[in-house]
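Student: I've got a chain here that I'd like to walk through with you, strand by strand. Can we look at it together?

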Amino acid sequence: MPMRVLHVISEMGAGGAETLVAGMASHGGEYGWTSAVASGGGFRADALAAEGVATFPVPLALRSRMGALRSAWTLRGAVSRFRPDVVLAHNVGASLIARLALVPGRRRPLVTVFHGVADSDLPMAARILERTSDLLLAVSPASAAQLTEAGLSEPVVIRNAVFARRAAFGRREIRASLGVPDGTPVALCLARLEPQKRHDVLLDAWSRLSADAVLWLAGDGSLREELESRGDNLAGRVRFLGTRKDIPDLIEAADLTVLTSDWEGLPLAVLESMAAARPVIATDVGGVGDLLSGGGGLLVPPGDPGAVADALATLLHDPVARASVGADGLRTIRHEYDPHTLMKAYDEVLGLALEGKR
């Protein structure tokens with residue numbers, strides 16, 4: 001239905017939630033939406049602005065009360081200028097700032113998308129969401145279960161989906177640009193270099209494998225220096241690529257992807273890999289188990305480098321197995337994680353939220 005939708009998110013860089021917001025804002029017009037994004041900025045915000053999507057610079061400062069109030073005041077200005085019908089906040093901090101920003105008494109629902117948090121952060125997250133959200137959405141049944149176990153009413157589940165993005169270059173060109181021969185097996189990890197993603201487990205696993213393969217780590221974060229130091233003894237078998245805008249190109253050039261997180265909601269990195277028919281090795285956390293239940297990859301326990309190494313050894317040097325597993329993943333994406341289904345579900349839910357506020 002026609003509506004003005006303001007997405008609020010901490011930043012618009014390379015993360016999964018940012019990928020989802022970029023896709024929704026970019027394609028919202030196909031569903032009658034006029035979209036805008038308020039965030040701390042990033043290359044995805046710049047790309048949306050170039051497409052004509054309204055973007056508002058709103059750094060979400062949550063470490064102090066004064067910082068949160070400044071963020072809320074800035075966001076209130078964005079709300080005043082854009083005049084949304086509904087505000088769609090992505091994750092807990094964005095929901096808190098959005099609630100502080102919205103003028104009491106105005107008929108403008110705040111809908112929060114819960115992408116997941118660590119179990120240790122769940123009690124506080126639940127208390128915040130209970131007070132901020134007019135309607136709560138979860139990106140997977142596992143994320144919804146987290147919230148109900150914390151005492152919240154069962155949220156609406158709208159599973160994440162993949163908005164197609166094609167590689168700009170061919171596999172050989174991309175590999176050549178990164179100095180990797182065409183026949184060398186490559187594993188790719190798309191993840192911020194933060195504690196949640198457990199790159200330490202991945203590097204430990206990689207050290208147990210033979211030397212004729214390369215691991216690409218695409219992402220940046222607070223642990224980069226520490227992880228680079230851990231990777232020094234791997235003699236060029238690990239490449240730290242930093243934050244990348246060319247994710248479809250990297251997936252095209254890789255043979256498989258790997259994600260060793262301690263927790264997840266429904267990771268877009270796994271969805272994008274499956275959509276490109278690349279097999280996935282991932283920890284069985286959050287919605288990942290359901291996602292891979294029909295094939296598409298191998299599940300490993302969190303915090304187990306031995307299991308990760310065994311899974312990598314199974315697929316890295318077996319192109320026939322990789323092709324079969326990748327085909328299963330692509331079939332799952334096409335049948336169950338279609339972006340049109342996601343957008344129609346959001347359109348219906350946001351429309352009901354608006355009706356409830358009238």
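Student: In strand 6, which residue is the bridge partner of T112?

Tutor: Keep in mind that this is a predicted model. Strand 5 (residues 110-114) is joined to strand 6 (residues 135-138) by 4 bridges, and the two run parallel. Look across from T112 into strand 6 and you land on its bridge partner, L136.

Student: What hand does the unit made by strand 5, helix 5 and strand 6 have?

Tutor: Strand 5 and strand 6 run parallel. Helix 5 (residues 122-132) goes with these two strands to make a β-α-β unit. The hand of that unit is right-handed.

Student: And with strand 4, in which sense does strand 5 pair, and who partners L88?

Tutor: Strand 4 covers residues 86-90. Its pairing with strand 5 is in the parallel sense, over 4 bridges. For L88, the bridge partner in strand 5 is V111.

Student: How many residues of strand 5 are buried?

Tutor: Take the two faces in turn. On one side L110, T112 and F114 are buried, and on the other V111 and V113 are buried, so both faces are covered; buried here means under 20% relative accessible area. For strand 5 that gives a count of 5 of its 5 residues.

Student: Is F114 buried or exposed, and what is its relative accessible area?

Tutor: F114 sits in strand 5. Leaving aside neighbours within four places in sequence, F114 is in contact with a list of residues including N91, V92, L122, L129, L136, V139 and L147. Buried needs a value under 20%. F114 is buried, because its relative accessible area is 0%.

Student: How far is the C-alpha atom of F114 from that of N233?

Tutor: Along the chain, F114 and N233 are 119 residues apart. In space, their C-alpha atoms are separated by 39 Å.

Student: Let's zoom out to the sheet. What is the strand order, and which strands are at the edges?

Tutor: This is an open sheet of 7 strands with parallel pairing, in the order 3-2-1-4-5-6-7. An edge strand here pairs on one side only. That makes the edge strands strand 3 and strand 7 (156-157).

Student: How many bridges join strand 1 to strand 2, and what is the partner of R4?

Tutor: Strand 1 (residues 3-8) and strand 2 run parallel, joined by 6 bridges. The chain gets from strand 1 to strand 2 through helix 1 (residues 16-27), in a right-handed β-α-β crossover. As for R4, its bridge partner in strand 2 is T34.

Student: Strand 1 also pairs with strand 4, so to speak; which residue there partners V8?

Tutor: Strand 1 and strand 4 run parallel, with 4 bridges joining them. In strand 4, the bridge partner of V8 is A89.

Student: Which residue of strand 3 stands opposite A36?

Tutor: Strand 2 and strand 3 (residues 54-57) run parallel and share 4 bridges. The chain crosses between them through helix 2 (residues 43-51), and this β-α-β crossover is right-handed. Opposite A36 in strand 3 stands A54.

Student: How much of strand 2 is buried?

Tutor: Strand 2 takes in residues 33-39 and is mostly covered. The buried count is 6 of its 7 residues.

Student: Now the surface. Which residues form the nonpolar patch there?

Tutor: One member, L69, is found in helix 3 (residues 65-82). L69 is partly exposed at 39% relative accessible area, and patch residues need over 30%, so L69 passes that cut-off. The patch has about 260 Å² of accessible area together, and its members are M66, L69 and L100.

Student: What is phi of R198, and what is it for A277?

Tutor: Most residues other than glycine have a negative phi. R198 lies in the loop between strand 8 (186-190) and helix 8 (199-207), while A277 is in the loop between helix 11 (268-275) and strand 12 (280-283). Both have positive values: phi of R198 is near 50°, and phi of A277 is near 60°.

Student: Last one: which residues of helix 8 are buried?

Tutor: The buried residues of helix 8 pack against several elements, among them strand 9 (214-218), helix 9 (224-230) and helix 13 (305-316). Those buried residues are H199, V201, L202, L203, A205 and W206.

Note on methods:
Residues are numbered from 1 along each chain as its sequence is written. This is a predicted model: local features need pLDDT of at least 70, side-chain atom pairs count only at pLDDT 80 or more; totals for chains, interfaces and linings use all residues. Side-chain values use heavy atoms; hydrogens and water are left out. Patches are made of residues with over 30% relative accessible area and no salt bridge: like charges are joined within 9 Å, nonpolar side chains (Val, Leu, Ile, Met, Phe, Trp, Tyr) within 5 Å. Accessible areas come from the Shrake-Rupley method with a 1.4 Å probe; for residues, only the protein chains shown count as cover. A salt bridge is a side-chain nitrogen of Lys or Arg within 4 Å of a carboxyl oxygen of Asp or Glu. Buried means under 20% relative accessible area, exposed over 50%, partly exposed in between (1.4 Å probe, protein chains only). Two strands pair if DSSP finds at least two bridges between them. A crossover is right-handed if, with the strands pointing away from the viewer, the path from the first strand over the helix to the second runs clockwise. Contact means heavy atoms within 4.5 Å.
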